[in-house]
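Walk through this model with the structure open beside the text. The route goes from single residues to helices, strands and charged pairs.

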Amino acid sequence: MKIDSRRAIYTTTELSWAQDRMSEGRFDEVASILCEHLSTRGATYGDAHPQTLTVFNAFGVLLRKRGENARSRRLFEDLAAASADYPREGRFLRQAILHNLGTTLYAQGYMAASQAVFERALSHAETSGDISRRHIGATLTNLAFAMEAQKDYAHAEAHHRRAVELRRDEGLASPLNLAASLNNLGANLTEQWRFAEGELLLKEGLSIRDDILGGENLNLGFSLANLATNALKSDRPAVAVEYAERLVKLRETALGRTHPETALAYQQLAHAQHANRDYGPSLRAARAALESRVPITQREASAVSDAARVSLRSATAPSALIVVRSAWELSEALPKIWLAHAAPELANEAFIAAQHIPASGTADAFARAAARGAASDRGFSDLALQFQIAEDARAALDSELASAIADGRTVDALRDARGAADHRLQAIERDLAGRFPQFFQFLKPQPIGIDSLISAQGGLGNDDALVLMTPGSKGMRGVIWVVTRHDGGAWAEIGLSSKQLDDVIAELRYDLDLASAYSLTIPAHGRSANFDTKKGHALYSALFGDPAITALLSNKSNWIIVPQGSLVGVPFAALVVSPPDDSSLDKSVPESLRATTWLGLSRTLSILPSVASLTTQVHTRTSSERIRFFGVGNPSFKGRSDEKPQAISAYFDERGSRVDRVQDLPVLPDSGLEIVQLAALLGASRQDYLLEDQASETELRLSHRRDQLAEANVIAFATHGLVSGDLRNTLVEPALALSPPATPTSSDDGLLTSSEVAQLQLNADLVLLSACRTAAGDSIGGEGLTGLARAFLAAGARSLLVSHWRVRDAVAARLTVRTVELMYIAPSASAPEALRAAMAEIATDTSADNAAISLSHPAIWAAFMIVGPQRSRAYTVAAPVHTSRNPM
């Protein structure tokens with residue numbers, strides 16, 4: 001087939017006109033023109049002809065510009081497949097399609113995949129004919145954008161500079177292309193804090209666009225947005241406001257108030273106004289941004305993988321935080337504490353907005369478990385499970401397809417499989433909606449206002465205090481709210497900046513992790529491990545020290561904490577409530593540590609991933625129900641018990657798991673004792689747990705097929721959790737280490753990864769992860785809990801016992817067994833109450849006072865926390881065994 005590639009793109013005045021109108025936001029007119037051309041060309045040339053594909057390509061761009069990224073990507077995938085066999089003359093059209101496909105992947109949050117697509121398109125452009133080479137600038141630009149999304153500004157700068165050079169060489173032939181490249185390079189330099197250099201380029205680009213297009217064309221918006229950012233970051237907020245106001249007017253006039261680009265413009269205006277201390281206007285602008293952004297994100301997030309969903313949702317966080325901060329500043333002269341049923345309007349608005357801030361997948365995972373539990377209670381457990389399996393399958397195929405596109409692999413089979421998965425998911429969704437429509441209310445809970453929270457259905461008990469805290473961001477401190485059922489509420493500013501919070505949390509965790517490696521049996525030789533109680537109290541005061549907050553919390557025993565961002569990493573149990581007395585004993589002396597008022601011993605603490613999860617009650621078992629147990633412990637490792645596991649990347653190479661490294665993990669003899677004691681306590685048989693060589697992926701899957709995991713109410717994994725180290729930009733996943741096989745396979749390599757955990761079918765009230773750092777890894781941020789913890793929630797666990805740092809297996813065994821034991825000895829005790837009592841028993845134990853670290857040190861007893869709402873309930877336990885003892 002002979003293809004005139006020029007004619008395939010620029011065939012008619014009408015089509016060219018339609019493409020120009022997109023830049024003016026006249027989308028309905030564009031759609032009408034494209035429909036006419038599609039009808040004519042389809043009838044004349046057929047659907048696969050480049051003349052027709054050109055129109056489809058324009059349709060894909062139209063969908064993307066309207067914010068319909070999922071539909072746009074599907075169309076570009078179809079076009080890429082249809083143009084795969086085009087001869088050399090058609091490469092320009094194929095390159096244009098690849099460009100648009102990469103841009104849509106970028107918009108969906110698949111940053112690495114989009115970068116790979118652009119790199120391939122650049123290679124094609126540089127080796128193709130003259131027409132294709134003339135468009136290298138666009139490819140360089142898109143590749144640079146993908147790099148910037150991954151914070152690689154230096155390499156992106158080189159691509160932007162090359163694009164500018166190419167387009168300056170073109171002279172008057174493409175001045176608008178030059179303006180775009182100048183704008184992009186200026187924005188890149190702004191991100192690298194080279195403000196003056198960046199501003200010159202940005203103004204040059206704006207001048208070119210203004211001269212050619214006039215002041216009402218949408219293309220000017222890119223220049224205005226970047227100039228506003230440059231002014232804001234260079235501490236010129238009044239100038240930033242001027243640019244942002246012009247940007248909002250331009251986009252709202254052309255695109256409407258609810259368009260994603262308009263939402264971003266309002267967000268930028270709100271940020272500039274807040275920095276300029278115009279708090280009333282900044283609140284109004286941030287409201288507009290949030291109102292537009294949330295429904296767009298909810299619509300688009302349903303069609304992508306978990307990782308891409310987190311990226312999409314991060315777009316709502318800045319607007320939500322500005323609502324919070326603006327409301328706080330406007331309420332400066334108002335009371336910060338209120339009586340029951342009388343929350344101030346600004347405090348309530350900020351409370352609701354803050355629930356849009358976290359980009360974490362933890363809340364999603366918890367909502368899935370809640371929805372599945374609710375369906376199970378109403379007799380629809382199988383249907384709910386089918387829905388979640390189908391949803392996971394569709395998301396996995398979508399992610400795999402993005403990777404295949406990035407690699408240049410054939411994707412026809414994957415596209416067919418995803419299409420089939422779409423149809424299956426839609427059929428199950430219709431069935432669920434008809435039989436149990438409340439399932440989707442559990443699955444996608446909305447933020448909860450204070451009035452709803454303190455109602456009878458809000459989930460708060462008389463002695464509960466819900467604590468929501470967000471850490472803020474650069475230039476804006478975080479805020480904390482406390483809400484009670486009958487005693488009112490309060491809100492306050494956190495006493496440290498977000499950077500200071502990150503530093504203090506990291507220091508405290510480092511100290512505790514380091515101390516946890518000290519021996520409980522080797523003599524101290526004069527001094528036991530020290531703990532900086534001043535640092536622990538400083539963090540407590542920054543978070544809870546405001547007088548209004550202190551007054552409200554002082555009378556509440558149960559603190560239900562909803563931390564966001566880096567605050568997930570706070571070791572709350574190890575915070576010091578009372579100011580340390582400088583005249584008191586040396587803090588390395590066990591008696592001094594036992595005399596310290598620790599938050600985890602003076603209050604019952606539990607962690608929730610979201611406020612909405614408080615209203616999700618766990619399935620209440622009747623007194624006639626037997627508690628079933630399943631456990632895994634003491635896998636067959638060969639390393640010394642005093643060695644420290646390495647970062648998880650050390651256990652993988654390009655071929656997969658390194659079985660030799662897994663074998664050399666430190667042995668955990670007491671973890672086997674922990675599982676045996678838990679089994680005895682709960683009346684389980686020897687068939688209900690896996691130890692030593694049996695503690696493998698193969699045996700676990702056999703147990704899963706026998707429904708042992710699905711039927712268990714309490715599940716325990718007593719092994720190494722490999723989650724430390726920075727896992728970004730790698731294919732390595734957090735994992736639980738199990739007994740490695742002699743010959744690794746794809747289904748058994750000794751590492752149960754988070755994606756494999758998520759595929760399990762659980763229905764457990766409590767999952768015990770007595771392993772290293774199963775709460776939060778070394779890289780603490782918006783992701784919240786580790787991927788490992790989130791995976792267990794996604795698999796169906798209703799609550800978790802997880803640890804902040806490495807815990808000696810003997811201590812973990814004693815603490816977890818005693819926690820579970822107290823839950824059944826005292827039927828009124830919830831899991832958080834039982835954990836608090838178990839921690840207190842260890843902290844007051846004097847048996848290791850002469851060791852290198854005593855049991856009174858918080859590194860020993862304060863690592864664990866309960867994640868998830870827990871209410872006391874009655875159980876039947878078969879032949880309970882009292883196991884209280886000191887195994888160390």
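**A guided route through the model**

Asn558 lies in strand S5, which covers residues 558-563. This is a predicted model, so every value here describes a prediction. Asn558 has a relative accessible area of 17%. That is under the 20% limit, so Asn558 counts as buried. Its side chain makes a polar contact of 3.2 Å with the side chain of Asp464.

Turn to the helices. Helix H5 runs over residues 69-82 and has 14 residues. At 1.5 Å a residue it should span 20 Å, and its end C-alpha atoms are 20 Å apart, so the two values agree. The buried residues of H5 are Asn69, Ala70, Ser72, Arg73, Leu75, Phe76, Glu77, Leu79 and Ala80. Note the charged residues in that list, Arg73 and Glu77 among them. They return below.

Helix H13, residues 220-233, also has 14 residues. From first C-alpha to last it reaches 20 Å, close to the 20 Å expected at 1.5 Å a residue. How many of the 14 residues of H13 are buried? The count is 11, so H13 is largely enclosed by the rest of the structure. Among the buried residues are Leu220, Leu224, Leu227 and Leu232. Polar side chains are buried in H13 as well, including Ser223, Asn226 and Asn230.

Now the strands. Strands S12, S13 and S14 form an open sheet in that order, with antiparallel pairing. The edge strands are S12 (721-722) and S14 (751-753), and each pairs on one side only. S12 pairs with S13 (residues 735-737) over 2 bridges, in the antiparallel sense. Across that pairing, Leu722 stands opposite Ala735.

Another antiparallel pair joins S16 (residues 800-803) to S17 over 4 bridges. Ser803 stands opposite Phe864 in S17. Which way do the side chains of S17 (residues 864-867) point? Phe864 and Ile866 point one way, Met865 and Val867 point the other way, and all are buried. In a regular strand the side chains alternate between the two faces of the sheet.

Some contacts bring together distant parts of the chain. Trp861 sits in helix H38, residues 858-861. At 0% relative accessibility, Trp861 counts as buried. Its C-alpha atom is separated by 9.6 Å from that of Ser516, although the two residues are 345 residues apart along the chain. Ala837 lies in helix H37, residues 831-843. Ala837 counts as partly exposed, at 31% relative accessibility. Ala837 and Gly600 are 237 residues apart in sequence, and their C-alpha atoms are 9.7 Å apart in space.

Charged pairs are next. A search of the whole structure finds 37 salt bridges. One of them joins Asp398 and Arg418, at 3.1 Å from N to O. Asp398 lies in helix H21 (residues 381-407) and Arg418 in helix H22 (residues 412-435), so the pair ties together parts that are 20 residues apart in sequence. Are the partners buried or exposed? Asp398 is buried, at 1% relative accessible area, and Arg418 is buried too, at 3%.

Glu756 and Arg701 also meet in a salt bridge, at 3.3 Å from N to O. Glu756 lies in helix H34 (residues 754-758) and Arg701 in helix H32, so this pair ties together parts that are 55 residues apart in sequence. Glu756 counts as buried at 15% relative accessibility. Arg701 is partly exposed, at 27%.

In the salt bridge between Asp845 and Arg814, the closest N and O atoms are 2.9 Å apart. Asp845 lies in the loop between H37 and H38 and Arg814 in helix H36 (residues 809-825), so the pair ties together parts that are 31 residues apart in sequence. Both Asp845 and Arg814 are buried. Salt bridges that share partners join Arg73, Glu77, Asp398 and Arg418 into one network.

Finish with the loops. Most residues other than glycine have a negative phi. Lys151 has a positive phi of about 65°. Lys151 is placed in the loop between helix H9 (136-149) and helix H10 (153-169), and is exposed at 62% relative accessible area. Asp707 has a positive phi as well, near 65°. Asp707 is found in the loop between helix H32 (697-705) and helix H33 (708-711), and counts as partly exposed at 38%.

Terms used
Residues numbered from 1 in each chain as written. Predicted model: local features only at pLDDT ≥ 70, side-chain atom pairs only at ≥ 80, totals over all residues. Heavy atoms only, no water. Expected span 1.5 Å × (residues − 1). Buried < 20%, exposed > 50% of the residue type's maximum accessible area, 1.4 Å probe, protein only. Pairing = 2+ DSSP bridges. Polar contact = N/O pair within 3.5 Å; in protein donor to acceptor, adjacent residues only side chain to side chain. Salt bridge = Lys/Arg side-chain N within 4 Å of Asp/Glu carboxyl O.
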